[in-house]
Amino acid sequence: MSSILISGATRGIGLELARQFGADGWDVIGTARDPGAAGALRDTGAEVLPLEATDAASIAGLARALDGRPLDVVIANAGISGDLTARAAQVTREDFLQVVGTNTFAPLALVSALKPNLLAGTRRLACAMSSLMSSVTLNDWGTQFSYRASKSGLNAVWRSLSLDWKTNRIACVLLRPGFVATEMTGGQGMPVADSVAGLKTVVEGLGPDDTGRLIGFDGKDLPW
Amino acid sequence: MPTILITDAHRDPGLALATHYANDDWEVIAVNRAPLPPAAFVALGANVRELRFDPLSEASVRDVALRLRGRPIDVAILTGETAGEPGRPAEAVDPDHWRDLMLVNAWAPFRLIALLEDNLKAGAQKVVAMLSDPEAYLADYGTPRDYAYRASKASLHQLWRTLDMEFRAWGGVCPLLAPADAAEIAARVAAATPDEAARARL
Ligand SMILES: NC(=O)c1ccc[n+]([C@@H]2O[C@H](COP(=O)([O-])OP(=O)(O)OC[C@H]3O[C@@H](n4cnc5c(N)ncnc54)[C@H](OP(=O)(O)O)[C@@H]3O)[C@@H](O)[C@H]2O)c1
């Protein structure tokens, strides 16, 4: 049975990933900041483990809990939007640091801590949730300073990681879910089930040669 | 006399740019992490005003903005960065070092310009150029690692492009310029138009 760990699986895209991979017979571990409030995740049949993605001790705790267990796929999905509407002068240092801490640094810390598990797995996929907003080339309307910066930073990190872990044959792939109706978007966008169905197909088809790519739920690559 | 603000003008490439513009009769506001070398201070003459700037400190950015309140700035050129730790593996990336690189390389230049928006609006040329190697965001690396540095530069490039979109509303242009000698950079700045910025932005 293939296994997958999804961070930030209490709602939105993470929860739906847990549901769809679980329904397809995968062994799913979903993380929650507050496992006591993760009823919807538990209802999918997933195993729930605690994780505050920005806390080194919490990441270490997760790695300890999973010690010796192979993981085929890790998806660093937990993310925050920060203040999406702030104009340049209104963006605060706190917002910037919190958003890049959660969206850029935490995914690297997570997959690094779980590297032994990935190495013990067969598929060896380290995925992170990027976004259309990460693309500098396609940025032609501005806004979302902290969020955009965090996802562009994430892309650079993952590209670098893809080279670093080539020798380990761990493929490091960036995913773009599209514009999806979740709490993050205030319920606007496509149904989460549609985005995740696409993402699942993409993830299932990934192999070592896909390392370093930024792929959408529709299977299309995005420019940097 | 036009006014230019240059960050990290205490050393090249900022110092070469400050010298170029001062010789060309611009007033130079040097916003520096470290003091200008005494010989450079003398050589730059009466056209230079030096302000100290700690990119890790919000109070310091605010102080620079306060000191420049009401002063039109025609052109700003941001230079200077902190190098990373190229060989450090992913498992050993240190959160504090990461945070400092993000603040120095990405946040501080963005924050400084955001707080100087009114000064730039009041300037004639309205160019806010970031001197940074576009290669840093092509994500087409030949070597692995250097995670914190690469993240900071990618974030910076995206912040700059986003700034360019926002400043367009009042005619501002925010190009990313690849390193070159001072005369070449000055020529590119002089020719910067919104279309030019679009091309320079990768
Ligand atoms: N929705 C879109 O249109 C869209 C588009 C592009 C990319 N994305 C990306 O897709 C991912 C999921 O987004 P979503 O729309 O599903 O967002 P969401 O509904 O807001 O869900 C975010 C999830 O991340 C978790 N989380 C946030 N901060 C965390 C932290 N510090 N530690 C641990 N968990 C944390 C949340 O847990 P709690 O329940 O504990 O808060 C929640 O489970 C994000 O990375 C987002 O940037 C979304």
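Student: Which strands does H4(A) lie across?
Tutor: H4(A) lies across S1, S4 and S5 of chain A (contact is heavy atoms within 4.5 Å), running at about 160° to S4(A). Helices (H or I, at least four residues) and strands (E, at least two) are DSSP runs numbered from the N terminus. This is a predicted model: local features need pLDDT (confidence per residue, 0 to 100) of at least 70, side-chain atom pairs count only at 80 or more, and totals for chains, interfaces and linings use all residues. Residues count from 1 along each chain as its sequence is written, chains are lettered from A and ligands numbered from 1 in the order written, and side-chain values use heavy atoms, leaving out hydrogens and water.
Student: What's the strand order in that sheet?
Tutor: It's an open sheet of 7 strands, S3-S2-S1-S4-S5-S6-S7 in chain A, with parallel pairing (at least two DSSP bridges). S3 (47-50) and S7 (214-216) of chain A are the edge strands, each pairing on one side only.
Student: OK, helices now. How do H3(A) and H4(A) cross?
Tutor: The axes of H3 (residues 56-65) and H4 (residues 93-113) of chain A come within 9 Å and cross at roughly 30°. Axes are fitted to C-alpha atoms, for helices over the stretch in contact, and angles run from 0 to 180 degrees between N-to-C directions. H3(A) and H4(A) are therefore roughly parallel (under 35 degrees).
Student: Which residues of H3(A) and H4(A) make the contact?
Tutor: A:Ile59, A:Leu62 and A:Ala63 from H3(A) meet A:Ala109, A:Leu110 and A:Ala113 from H4(A).
Student: And the predictor's scores for the complex, what are they?
Tutor: An ipTM of 0.96 and a pTM of 0.97.

Conventions
Parallel < 35°, antiparallel > 145°, perpendicular 65-115°, else oblique.
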